[in-house]
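Colleague: Hi! Could you walk me through this model when you have a minute?

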Amino acid sequence: MSETVPPGVAVSALVRACHPVPAAAVTVFAGAMAVAAGRGVAGSALVVAAVGAGQLSVGWSNDRIDAVRDRVAGRRDKPLATGAVRPRTVAAAAVTALVLCVPLSLASGLLAGAVHLLGVAAAWAYNGWLKRTVLSWLPYALAFGLLPAFVALGLPGAPWPYPWVTAAAALLGTGAHFANVLPDLDEDRAAGVLGLPQRLGRTASGLLAVVLTSAATVLLVVGPTGPVRAAGWVALALTTILTTAALAAPLSRLPFLAAMAAAAVDVLLLVTTTGPA
């Protein structure tokens with residue numbers, strides 16, 4: 001990056017390097033769960049700050065670690081690949097966000113903070129190594145599965161969330177991993193990034209994304225005690241339609257779109273069911 005690049009351009013490039021859309025989505029998701037679980041204004045703000053810092057550190061570390069590969073691949077959507085921001089700037093931002101994430105996480109309690117930091121560590125492990133292995137799904141399952149625990153453990157008495165909430169969140173995270181790589185699957189293979197979705201191929205990964213996110217829906221609907229609510233029946237009907245459509249057209253974009261829609265349903269259900277066991 002040239003020394004004459006205006007500060008505003010450099011800041012914009014740094015923001016784009018943090019993967020702002022998924023980072024914001026996960027942060028808002030965590031904040032909504034905190035509000036629904038009864039963490040209150042201060043507690044919910046701590047959750048948002050901790051998760052936001054963690055997501056920033058993960059996004060920036062991802063682009064910094066992949067900088068050379070993205071440059072070779074000619075990725076014009078990556079600020080580091082185009083030289084719009086310096087590698088050391090992104091590295092410093094990632095480390096700073098990670099350092100801030102530690103006290104922000106522990107402010108919810110020692111156990112809650114440790115759980116969240118374990119999820120952040122899993123995401124860093126994915127960036128640095130696991131995304132190139134058959135265990136590429138594991139960090140997603142761990143990080144998403146632990147998010148409801150981070151929220152619930154910050155409540156008085158540090159209760160764990162319902163097991164079915166944790167399982168559903170892990171399934172959602174794993175399904176999101178398979179869906180997330182679909183648009184860039186061929187480019188990843190060419191670059192030697194051979195996680196489990198890249199090894200299984202587009203068709204199998206697309207179907208797995210739908211099946212896993214739909215399975216999360218089932219858990220979130222039938223897990224709570226008592227009769228299934230009307231919203232639950234609607235969610236089950238919707239995910240059944242999405243799964244059927246994806247299975248009927250595995251070579252189209254339907255599996256990806258269906259997985260995204262099912263994930264959105266899961267997020268809404270998780271927000272309304274997160275809480276202590």
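Modeller: Happy to, and we can go topic by topic. Keep in mind that this is a predicted model.

Colleague: Thanks! Let's start with helix α14. How many residues does it have, and how far does it reach?

Modeller: Helix α14 covers residues 254-273, which is 20 residues. From its first C-alpha to its last it reaches 28 Å, close to the 28 Å expected at 1.5 Å a residue.

Colleague: And which residues in α14 are buried?

Modeller: There are quite a few to list. Pro255, Phe256, Ala258, Ala259, Ala262, Ala263, Val265, Asp266, Leu269, Leu270, Val271 and Thr273 are buried.

Colleague: What covers them?

Modeller: The cover over the buried residues of α14 includes α2 (20-37), α9 (163-181), α12 (202-222) and α13 (230-248).

Colleague: Next, the nonpolar core. Which residues of the largest one touch the most other members?

Modeller: That core has 32 residues, and Val47, Val51, Leu147, Phe150 and Leu270 touch the most other members. At least two core residues come from each of α2, α3 (40-65), α7 (110-128), α8, α9, α12, α13 and α14. Leu270 also appears among the buried residues of α14.

Colleague: Phe150 caught my eye. What does it touch?

Modeller: Leaving out residues up to four places away in sequence, Phe150 touches Arg39, Val47, Ala50, Val51, Ser105, Ser108, Ala112, Gly113, Val115 and His116. Val47 and Val51 in that list are also core members.

Colleague: Changing topic: what does UniProt list for "transmembrane region"?

Modeller: The UniProt entry, which is unreviewed, lists residues 92-125, 137-156, 162-182, 203-224 and 230-249.

Colleague: How far apart are the ends of residues 92-125 in the model?

Modeller: Their end C-alpha atoms lie 18 Å apart, and the span is 91% helix and 0% strand. For residues 137-156, the end C-alpha atoms lie 32 Å apart, with 85% helix and 0% strand.

Colleague: I was thinking of labels in that part of the chain. Where is Val95, and how far is it from Gly113?

Modeller: Val95 sits in helix α6 (residues 87-106). It is partly exposed, at 47% relative accessible area. Val95 and Gly113 are 18 residues apart along the chain, and their C-alpha atoms are separated by 18 Å.

Colleague: What about Ala42 and Ser108, how far apart are those?

Modeller: Their C-alpha atoms are separated by 10.0 Å, with their positions 66 residues apart along the chain. Ala42 lies in helix α3 and is exposed, with a relative accessible area of 57%.

Colleague: On to cysteines. How many disulfides are there?

Modeller: The count comes to zero. For Cys18, the nearest cysteine sulfur is that of Cys101, 14 Å away. The cut-off for a disulfide is sulfur atoms within 2.5 Å, so the Cys18 and Cys101 sulfurs, at 14 Å, do not form one.

Colleague: Are those two cysteines buried or exposed?

Modeller: Cys18 counts as buried at 5% relative accessibility, and Cys101 counts as buried at 0%.

Colleague: Now the backbone. Which residues other than glycine have a positive phi?

Modeller: Two to look at are His19 and Ala158. His19 has a positive phi of about 60 degrees, and phi of Ala158 is near 50 degrees. Most residues other than glycine have a negative phi.

Colleague: Where are they found?

Modeller: His19 is in the loop between α1 (7-16) and α2, and Ala158 is in the loop between α8 (137-153) and α9. His19 is partly exposed, with a relative accessible area of 24%, while Ala158 counts as partly exposed at 32%.

Colleague: What is Asn62 in contact with?

Modeller: Setting aside neighbours within four places in sequence, Asn62 is in contact with His19, Asn127 and Lys131. Asn62 is found in helix α3 and is buried, with a relative accessible area of 10%.

Colleague: Last one: where is Thr133, and what does it touch?

Modeller: Thr133 is in the loop between α7 and α8. Even in that loop it is buried, at 16% relative accessible area. A polar atom of its side chain lies 3.1 Å from the backbone nitrogen of Leu135. Not counting residues up to four places away in sequence, Thr133 touches Leu194, Gly195, Leu196 and Arg199.

How values were computed:
Residues are numbered from 1 along each chain as its sequence is written. This is a predicted model: local features need pLDDT of at least 70, side-chain atom pairs count only at pLDDT 80 or more; totals for chains, interfaces and linings use all residues. Side-chain values use heavy atoms; hydrogens and water are left out. Helices (H or I, at least four residues) and strands (E, at least two) are DSSP runs, numbered from the N terminus. The expected span of a helix is 1.5 Å times one less than its number of residues. Buried means under 20% relative accessible area, exposed over 50%, partly exposed in between (1.4 Å probe, protein chains only). Contact means heavy atoms within 4.5 Å. UniProt positions are given in the numbering used here, feature names are shortened, and annotations may be inferred rather than shown by experiment. A nonpolar core is a set of buried Ala, Val, Leu, Ile, Met, Phe, Trp, Tyr and Cys residues joined through side-chain atoms within 4.5 Å. A polar contact is a pair of N or O atoms within 3.5 Å; within protein, one must be able to donate a hydrogen and the other to accept it, and residues adjacent in sequence count only if both atoms are side-chain atoms.
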